[in-house]
Amino acid sequence: MSEPLLSARGLAIAFGGVRAADGVDLDVAEGEILAIIGPNGAGKTTFINMTTGYLRPQAGRILFGGEDITGLAPRAIVRRGIARSFQIPQLFAEQTVIENVALKVAARRGFWRAFTPLLDHTTASEAMRLLEQVGLAQLATARATELNEGARKLTDVAMAMALEPRLLLMDEPTSGVASAEKFAVMDTLVGALRARRTTAVFVEHDMEVVERYADRVAVWSQGKILVAGPPREVLADPAVLREVIGVETAHAGA
Amino acid sequence: MMPRATIVALLGTVGILAAAALAPWLKFVLTVALAKGLAVMGILLLLRAGQVSFGHALYLSIGAYTVAFLRPAVPDLLVLLPLAAAVALGVGLVIGLFVARYRDIFFGMLNLAFSMVFHSLLEKLYAITKGTDGIRVFRPTVAGFALERLPYEWAVLGLALLLALGLGWLAARFLVSPLGQALVAIKTRETRLEFAGVSARRVLLVAYAASAALGGLAGALLACTTLHVTPHLAYWTQSGELVFIAILGGGGSILGPYLGSVVYELVRVYAAAALPDAWQMVLGAVLLGIILFASRGLWGLYEDLVMRGWRRA
């Protein structure tokens, strides 16, 4: 087997008394789409935060393409090819959808221009192509604040994809999206990712979404990876049902 | 078709030249207004990022004192102005490295602190700066010509107009460039820029340095207009005035600072003549009215009144 694209070894971090990660080992293979599931507050987002440099693990190492990126600044990690999207979309509220995405396109291909328009021909057409891929072309000139939650999520992911990362980390891409829309949103996203052959990790609470779109599932529970494997097997595992999905159903009903 | 802003800028230019020709004493007022407009344009760049500097009089005074100190050695206006801008740019880069790390009230107050330190230096170092007496600036030559008072005043006004037009055009391009757009992004979601691999600090530093250079240029023009510089140029009320004009003019267009600045100077002159003891009250009332009823400033008011009419036509 070839070397994994991302490899976490012995990651540990605690907030006060809560051990969000307590010796996490996790590999992500090039080209795969991995889902991370687990109870609320288990540390799934913390994993994304540590991988993208927002938090520094208290112990352990993160290797990306064989290079140790543990504790590097977010900017340095982005430049190495890891991008993320957010559970609560982080958009530039005063700007239009296409400007939001174009800023990211520009960040990749020449940001330090002071006297040529952000939306010059190449940047604008690339941003537009991305918006077409995620089905937002018609909203290109809408202000970020005018969008519904589904469109905000898609814009947020399109912004991350604009960086053309080798690895994309998505934090709950379907949370807040109307349940009628969630498969449409995921079809679009996963279609775009597969078309670009981007490796992706997404944190998710919706088991239907996980089963449909993930190549592999890792279960994060009590600061450790409980089990990882193909969705069908993992989601049928009694321990997983008890630890994660039982809790999940209770939350969903609450 | 020419963009509307260009048409308005050209009409404004004609208006200023006509006013200066019809009422010669207005030349001085309008030159001062244009100079301050340049500095306010720098304030506008920072406002785009949601940052307000209460200390940009620092750069006004650096520009003005550069002219005052160098005038004996460098006699020409066309050399003095870029030199003053360059000195202000240099100081802006150094101070910017520090203040670009801070936001909001801290950003505003740190700028204020730097300007007040400089103000007291100008006052106390009498041997160098002649303290509150200030330094007289002898009329510089213009492109090698030693001009009489009247043609000199026209030359400075013309130069101020050209600078306002040229730098305004550049600034308008800057605002829609990736860097200009990133300023707006700093205001709303700075961390997301970092997650794009872009240093928000560096973006702000670029805008800050540009605003410092504009402030220096403005100060140099003021020195060449009033022909006398005093520490008062660095006083915090001067910084406040720049922010005042920025809000009065409105941040929606690069023309806002100039519109605000011309109106400000005219109101000030007329109010001071009509109500010598209460002209500040008139200015305060004008600003209060703007904030309450036209939060996008005079430019916003103009857009509402005129652009809507154009669209209907």
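Two residues are taken to be in contact if their C-beta atoms, placed from the backbone, lie within 7 Å. By this criterion, in the predicted model, 22 residues of chain B are in contact with 26 residues of chain A. On the chain B side of this interface, the elements that give two or more residues are α7 (149-176) and α8 (178-194) of chain B. The largest share comes from α8(B), with 12 residues. Sorted by class, the side of chain B that touches chain A comprises 11 nonpolar, six polar and five charged residues.

In chain A, two residues were examined for their backbone conformation. Arg197(A) is not a glycine, yet has a positive phi of about 55 degrees. This residue is placed in the loop between α6 (182-196) and β8 (199-203) of chain A. Arg197(A) is classed as exposed because 9 other C-beta atoms lie within 10 Å, and a residue counts as exposed if that number is 12 or fewer.

A positive phi, of about 50 degrees, is also found at Gln222(A), again not a glycine. Gln222(A) belongs to the loop of chain A that lies between β9 (216-221) and β10 (224-229). Gln222(A) has 13 C-beta neighbours inside 10 Å and is therefore partly exposed, since the exposed class ends at 12 and the buried class begins at 20. Thus Arg197(A), in the loop between α6 and β8 of chain A, is exposed, whereas Gln222(A), in the loop between β9 and β10 of chain A, is partly exposed.

Conventions: Residues are numbered from 1 along each chain as its sequence is written. Chains are lettered from A and ligands numbered from 1 in the order in which they are written. This is a predicted model: local features need pLDDT of at least 70, side-chain atom pairs count only at pLDDT 80 or more; totals for chains, interfaces and linings use all residues. Helices (H or I, at least four residues) and strands (E, at least two) are DSSP runs, numbered from the N terminus. Ala, Val, Leu, Ile, Met, Phe, Trp, Tyr, Cys and Pro count as nonpolar, Asp, Glu, Lys and Arg as charged, and the others, Gly among them, as polar.
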